[in-house]
Amino acid sequence: MRIGIVCYASLGGSGIVATELARQLVRRSHEVHLLSSEIPFRLRADSGGIVFHPVGTPDYPLFREPQYVISLATRIVQVARERQLDIVHAHYAVPHATAAYLAREILRTECGGRVPAVITTLHGTDITLVGTDPSYAETVRFSIDRSDAVTAVSESLRLDTIERLQAVSPIRVIPNFLDCDRFKRVFDAGLRERLCPAGQYDALVVHLSNFRPVKRVNAVVGVFRRIRERVRARLVLAGEGPDSLKVQNEVEAYGLGRDVEILPPQEDVVPLLSVADLFLLPSLQESFGLAALEAMACEVPVVASRVGGIPEVIDDGITGVLHAPDDLDAMADSAVHLLTDRADHQSMAREGRWAANYRFCVSEVVPLYEALYRELVT
Ligand code: GMT
């Protein structure tokens, strides 16, 4: 099939999943075109045979507002026409589902032209935060309902979409996934020693995100402070975003400068996860929690919030530990337990890897997308 994938290029789960899907579809002999404002984060090192189409939004002195929906819709029309796309798969509803809808309607007006089927995949805040904002909701609902198929990355997000947006289209759950051959523990003793010198520290705690308020990086520091009172632990935060400065200030204010290191976003997170002992994800909301799954695949137990789709990824007490987002004391207690009880730590690390392998690998999930494409194309 000839498939166009539309996604965000910035650091974030929806772009990562869209990019990985594109990569896997190429491996399965599909022709894949990726449309975005710039080359997505995890595609920069290796294009994997994906044809990238940049979406430009020209400046015009009259406009103060960038007209991205129009330029994206126009680019989808051009690529669909030139490459005879069968499918346009929009990742993240706002505004990609709207642009894809518009593009399909434009193509419909062309006599004898091929009209691709539009699929929208909902990822999270496109519904739970942004999409339900009163200034967007009606258009987002319309665009979702006019898609030829809609998927959500968790049952929790499917229910949120029905409840909060009153969307009526059937929504199929297709969970996020990993290339488990790549996402596996590859221990680098040098990296471990650099991040967590053995003479000074006994444990390495890690958090990866785009440092948006919903990720609550301040809560990561809060849990870590409590851990630090009982375990000689070091915290590595990797990423950047709106809360970067706030977190840096907080680390300094608590005098944690030596025990906390903030790294830039990592193109390859496997080396860092592979030297970690624990992953913290105390988000306010998380429709899936891809970063938690990446940690599990690398045999790192996760302590996370019991919110949204996280309980569909982490089996509480078996592949990780879940608490109410505000219960930082309980998160710290669970973390300290895992960092000091070797047997429980090993068992959780093993179960996490097994769950990632068994439920969330490419071989389990990518065929679900392919089957959906086939249904729409034939
Ligand atoms: O930034 C993004 O790419 C999307 C981001 C979001 O906030 O919507 O992440 C969401 O999509 C990921 C991939 O499906 C999920 O793993 C995240 O849980 C989800 N984030 C939230 O729900 C906060």
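Helix 3 covers residues 93-108, 16 residues in all. From first C-alpha to last it reaches 21 Å, close to the 22 Å expected at 1.5 Å a residue. This is a predicted model, and each value below is computed from it.

## Helix 3 and its surroundings

Which residues of helix 3 are buried? They are Ala93, Val94, Pro95, His96, Ala97, Thr98, Ala99, Ala100, Ala103, Arg104 and Leu107. An α-helix has 3.6 residues a turn, so residues three or four places apart point the same way. Keep that spacing in mind when you look along the helix.

What do these buried residues pack against? Three strands are on the list: strand 1 (2-6), strand 4 (87-91) and strand 5 (117-122). Helices are on it too: helix 2 (68-83), helix 4 (125-128) and helix 5 (137-145).

Helix 3 also holds an unusual bond. Most residues other than glycine have a negative phi, and most peptide bonds are trans. The peptide bond from valine 94 to proline 95 is cis, with omega near -10°. Proline 95 is placed in helix 3, and both Val94 and Pro95 are among the buried residues of that helix.

## Two positive phi angles

Glutamine 84 is not a glycine, yet its phi is positive, about 50°. Find it in the loop between helix 2 and strand 4. Is glutamine 84 buried or partly exposed? Its relative accessibility is 33%, so it counts as partly exposed.

Phenylalanine 211 is another case. Its phi is near 50°, again a positive value in a residue other than glycine. Phenylalanine 211 sits in the loop between strand 8 and helix 8 (217-228). Its relative accessibility is 0%, so phenylalanine 211 counts as buried.

## Two domains

The chain is divided into domain 1 (2-177 + 361-377) and domain 2 (189-359). Note that domain 1 is made of two stretches of sequence. The C-alpha centres of the two domains lie 30 Å apart. How many residues are in contact between them? On the domain 1 side there are 26, and on the domain 2 side 23.

## Pockets and a cavity

The table sets out three spaces in the model.

| Space | Volume | Classes of lining residues |
|---|---|---|
| Largest pocket | About 750 Å³ | 15 nonpolar, 17 polar, 5 charged |
| Second largest pocket | About 320 Å³ | 8 nonpolar, 1 polar, 10 charged |
| Largest cavity | About 30 Å³ | 5 nonpolar, 4 polar, 1 charged |

Start with the largest pocket, with about 750 Å³ of space. It is lined by 37 residues. Nearest its centre lie Gly12, Gly13, Asn210, Arg212 and Lys215. Several elements give two or more residues to this lining: helix 1 (13-27), helix 4, strand 8 (203-209), strand 9 (233-239) and helix 11 (290-297). Which element gives the most? Helix 1 does, with 5 residues. The lining of the largest pocket draws at least three residues from each of domain 1 and domain 2.

Next comes the second largest pocket, with about 320 Å³ of space. Its lining has 19 residues, and the closest to the centre are Glu20, Arg23, Arg42, Arg182 and Glu267. Helix 1 and helix 11 are the elements that give two or more residues to this lining. Helix 1 gives the most here, with 6 residues. Each domain supplies at least three residues to the lining of the second largest pocket.

What about enclosed space? A search of the whole structure finds 1 cavity of 30 Å³ or more. Its lining is made up of Tyr8, Ala9, Ser10, Gly12, Gly15, Ile16, Thr19, Pro40, Phe41 and Arg42. Two of these names have come up before. Gly12 is one of the residues nearest the centre of the largest pocket, and Arg42 is one of those closest to the centre of the second largest pocket.

## Serine 14 in helix 1

Helix 1 has one more residue to look at. Serine 14 lies in helix 1. Is serine 14 buried or exposed? With a relative accessible area of 12%, serine 14 is buried, because the cut-off for buried is under 20%. Which residues touch it from further along the chain? Leaving aside neighbours within four places in sequence, serine 14 is in contact with His91, Tyr92 and His123.

Note on methods:
Residues are numbered from 1 along each chain as its sequence is written. This is a predicted model: local features need pLDDT of at least 70, side-chain atom pairs count only at pLDDT 80 or more; totals for chains, interfaces and linings use all residues. Side-chain values use heavy atoms; hydrogens and water are left out. On a 1 Å grid over the protein atoms alone, a cavity is a set of points where a 1.4 Å probe fits but cannot get out, and a pocket is an open set with protein on both sides within 12 Å along at least five of seven lines; lining residues have an atom within 4 Å of a point. Grid points are joined across faces, edges and corners, and a volume is the space filled by probe spheres set on the points. Ala, Val, Leu, Ile, Met, Phe, Trp, Tyr, Cys and Pro count as nonpolar, Asp, Glu, Lys and Arg as charged, and the others, Gly among them, as polar. Helices (H or I, at least four residues) and strands (E, at least two) are DSSP runs, numbered from the N terminus. The expected span of a helix is 1.5 Å times one less than its number of residues. Buried means under 20% relative accessible area, exposed over 50%, partly exposed in between (1.4 Å probe, protein chains only). Contact means heavy atoms within 4.5 Å. Domain bounds come from an automatic or database domain assignment.
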